[in-house]
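Got the viewer open and a selection box ready? Here is a walk through some stops worth clicking on, one after another.

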Amino acid sequence: MIKRVLRYLGWAVGGLVALVLVGALIVANRLYASLPQTIGEMTVAGLQAEATIARDSHGVPHIFAQSEHDGFYAMGVAHAQDRLWQMEITRRALRGRLAEVLGEPGLDTDIFFRTMGLGTASDTAVDNLPDDVRAALQAYADGVNAVISAPGFVPPPEFQILMFDPEPWQPADTVVVYKAIALDLFGNAFQEPRMAALVSQLGEQRTGEFIGRYPDDAPRSLTMADIGIEATTLPPAEELAPVMGPEDTGRDGSNNWVLSGSRTTTGLPILANDPHLGLAAPAIWYLARLTTPQGSVVGATLPGTPFVTLGRTDEIAWGFTNTGPDVGDLHAVTEADVTGQREEHITVRFGEDVIITRRETATGPVLDPKHFNYPVPDGSDFFALQWMLDEPDDATTGVGLHIIEADNWDGFVSAIRGFVAPQQSMVFADRDGDIGFYAPARIPVRDETGAWVSTIPFEELPHTLNPDRGFVATANNKIVPDDYPHYLTSEWYGVSRIRRIHDGISAAPVHDIETMQALQVDTVSDTALRLLPVLLQAEPETQAGRDALAVLADWDANMAVDRPEPLIYSAWMRQLSADIYGDELGELLPAWHGDRRVFMMDVLTGDLGHWCDNEAIARTVTCQELTGPALDQAMAETMAAYGADFTGWRWGDVHYARHAHRPFSDFPVLSDWFSITTPVPGDGSTVNVAHYSYRTPGYEVFHGASYRALYDMAAPDTSRFMITTGQSGNVMSRHYDDLAPMWGRGEYIAIPTGWTMDAAPDGLSVLRLQPGSQ
């Protein structure tokens, strides 16, 4: 009897296991079926003539089309095949429609974006775009929708897991994607209430010291002679007190520079660009080449948009960094200032729908105190926002089209005149040898009350052509001289990076693409180089502290992945920062604890040594008295976390980039499947930037170089490219994360444009698009 029961039980268990395995195989087969068709032929409606998408070994598409219309159509096909989920989640977030698919977890985001009104603003702006731009957006949307509507289409895994289907793409959705980037690079308006709390805690003088101003000895990118308005009668602009200060405490930033032929071995320009953004899986950017009868363009595209945003054509190259202008204000207003309102209905999956009232003032949307926890001044009812992202004539979307049609400096400048937001510091080079810089945008001019009365004329925005020094470099640093007559911002930062870049360029009379690559992935900390002479005077009391100090004495400040010194230094600076300003900040310390490099430099080597004093101690405390105990404490805590033998520590073991997937990085089990981690060198101060937070345990990197590119105008096909994770956004694809290790090691790939399908290299996956009936 027992044997029979056991036999039946075995059959039952075996059957259950078989069912589970069959179910798993069905699920796996369904997920793998979502991988796109990359070889053979695909018949699609709306295409005018045959087009080809030839993907290389890294998954980078080389698109060949017989017209610009078909090129943008094919770009839509490629993006939909590889990045459809990324496009969908971005569109839904900006339109305030996440809760429809995510339920309650998406509600706060939906309330925020419904209040901002960017979806509605995009619907308005698209109708005001030039005909050629709208035609390009429509061709792109048709390509995306051809994939979605294809017979047998299986959506990417995220759609299957959440059990919904993608909606057709619309031209206005592309405008939404551009506004997503603009919002990500938006200024300090939302920080103003936080700043008020700091002033209340520290007072005006101490707050000014803590936040800091851009150092007098740090590089400015331009001179008044560069800008060409030195004869102006306008006085120098008075910069407002900064809200965040000249720090790289995890804000979006970037590097770019361009060398003229006088500074290169070939006699023609070299241009470098690496925009820094929050890390994500999939990567923010998608590499692509597009070749039409008008020529070739290659570089970084934004999924959801048809144009190469950063890259080169056959004749020119360009790169952006964020200027960070002050283009947003919060105004304290009353009910009487409300000029209109409408109800916003938010559908909440698995929950009760929510209706909010969106109210407008003459300046912009009201931030409802029920959803925005900002302390409102006495006599006011709420804050209203004023910014540039809701301008109905915002033509930023079309700038990408007009840039790739330019073939010289004049054409480039003409193309960027319509750029509204976000202001970018753009470097330029062409094959005729010209280099240039322009920072286009719509920047408000304020009167003495703070009211917006006009905008800075385009001709007076920061710019230069062929400066005598032979280069222009930016790193979110102060790009204008102190006597520039217009106020842009007081939130200049990137001090450590721009110093290192200037030093690297000045280190040799001429450079080639190899030396520029070495500079772009440089991981020597300028901050550590400057602070080490002071820190090494510390007098730790523990043996671990003394041993650590001895190791740092021989360190070259290189934040390398295979060394223990970066971890010792980083743990020490984190502890020392809290010891220096924690007593002054009190309960605000968790919100303001960060790698405040300029402030720490001024405290330890400048005129702010009084911050080391502590009112709780009867006698005066010097900074040197704090450095030793801080090292002892840092070593004790770090040894407890990573082992007592600190000689075995490796920076890359704890300092790794986490490319978070939205939204599955917050889901158990799914997080491990969809997230990507990569050991990386550097820190927030290095040219090869890799930010971690002081406010969370560990050293996980959340922000870094989202794209790296080097363009050699003497030999364009030797140009180099890299993104953070991989070309595909489909977790089932080998291209989901295949570039991540290369990116972490500072390596690059080539995307040459000198070949055609008549003489194509080996190893391509070739998909031919054939026009079909509507």
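Start by selecting Glu50 and Arg768: they form a salt bridge, with the closest N and O atoms 3.9 Å apart. Glu50 sits in the loop between strand E1 (40–45) and strand E2 (51–55), while Arg768 is in strand E28 (residues 765–772), so this pair ties together parts that are 718 residues apart in sequence. Colour by accessibility if you like: Glu50 counts as partly exposed because its relative accessibility is 32%, and Arg768 is also partly exposed, at 29%. Keep in mind as you click around that this is a predicted model. The structure holds 35 salt bridges, and we'll drop in on a few others.

Next, pick Arg114 and Glu344. Their salt bridge has its closest N and O atoms 3.0 Å apart. Arg114 belongs to helix H4 and Glu344 to strand E12 (residues 338–346), so here the link spans parts that are 230 residues apart in sequence. Are these two buried or exposed? Arg114 counts as buried, with 11% relative accessibility, and Glu344 is buried with a relative accessible area of 11%.

Stay on helix H4, which covers residues 107–116, and select Asp110. What does a buried acid do for a partner here? Asp110 has no salt bridge, and the nearest side chain of opposite charge, Arg114, is 5.7 Å away. Look instead towards the backbone nitrogen of Ala99, which lies 2.7 Å from a polar atom of the Asp110 side chain. Show the surroundings of Asp110 and, leaving aside neighbours within four places in sequence, you should find contacts with Arg92, Gly96, Arg97, Leu98, Ala99 and Ile346.

Now jump to Arg442 and Asp393, another salt bridge, whose closest N and O atoms are 2.9 Å apart. This pair links distant parts of the chain, 49 residues apart: Arg442 is in the loop between strand E17 (435–438) and strand E18 (444–446), and Asp393 is in the loop between strand E15 (382–386) and helix H12 (396–404). Arg442 counts as partly exposed at 21% relative accessibility, and Asp393 is partly exposed too, at 42%. For a salt-bridge network, select Glu88, Arg91, Arg92, Arg95, Arg97, Glu100, Asp123, Glu167 and Asp173: salt bridges with shared partners join them into one network.

While the Asp393 loop is still fresh, slide along to helix H12. Eight of its nine residues are buried, so H12 is largely enclosed by the rest of the structure. The buried ones to highlight are Thr396, Thr397, Gly398, Val399, Gly400, Leu401, Ile403 and Ile404.

Then move to Arg289 in strand E7 (residues 286–292). Arg289 is buried, with a relative accessible area of just 1%. Add His62 to the selection: the two are 227 residues apart in sequence, yet 4.8 Å apart from C-alpha to C-alpha. Their side chains are joined by a polar contact of 3.1 Å. What else does Arg289 touch, not counting residues up to four places away in sequence? Besides His62, the list has Pro61, Ile63 and Phe64, then Ser296, Val297 and Val298, and finally Ile751, Pro752, Thr753 and Trp755.

For a change of scenery, show helix H18 (residues 565–585) as a cartoon. H18 has 21 residues and reaches 29 Å from its first C-alpha to its last, close to the 30 Å expected at 1.5 Å a residue. Look along the helix for a bend of about 35° at Asp579. H18 is mostly covered, with 19 of its 21 residues buried. Step past the end and you land on Gly586, whose phi is positive, near 60°.

The last stop is Asp683, in the loop between strand E23 (676–679) and strand E24 (690–691). Asp683 is buried but has no salt bridge; Arg597, the nearest side chain of opposite charge, is 5.8 Å away. What does the Asp683 side chain meet in a polar contact? Select Ser685: a polar contact of 2.8 Å joins the two side chains. Widen the selection, leaving aside neighbours within four places in sequence, and Asp683 is in contact with Ser525, Met559, Tyr569, His655, Asn688, Val689, Ala690 and Tyr692. Tyr569 falls inside the H18 range, residues 565–585, that you have just visited.

Methods. Residues are numbered from 1 along each chain as its sequence is written. This is a predicted model: local features need pLDDT of at least 70, side-chain atom pairs count only at pLDDT 80 or more; totals for chains, interfaces and linings use all residues. Side-chain values use heavy atoms; hydrogens and water are left out. Helices (H or I, at least four residues) and strands (E, at least two) are DSSP runs, numbered from the N terminus. Buried means under 20% relative accessible area, exposed over 50%, partly exposed in between (1.4 Å probe, protein chains only). Lys and Arg count as positive and Asp and Glu as negative; His and the chain ends are not counted. A salt bridge is a side-chain nitrogen of Lys or Arg within 4 Å of a carboxyl oxygen of Asp or Glu. A polar contact is a pair of N or O atoms within 3.5 Å; within protein, one must be able to donate a hydrogen and the other to accept it, and residues adjacent in sequence count only if both atoms are side-chain atoms. Contact means heavy atoms within 4.5 Å. The expected span of a helix is 1.5 Å times one less than its number of residues. The bend at a residue is the angle between axes fitted to the seven residues ending there and the seven starting there.
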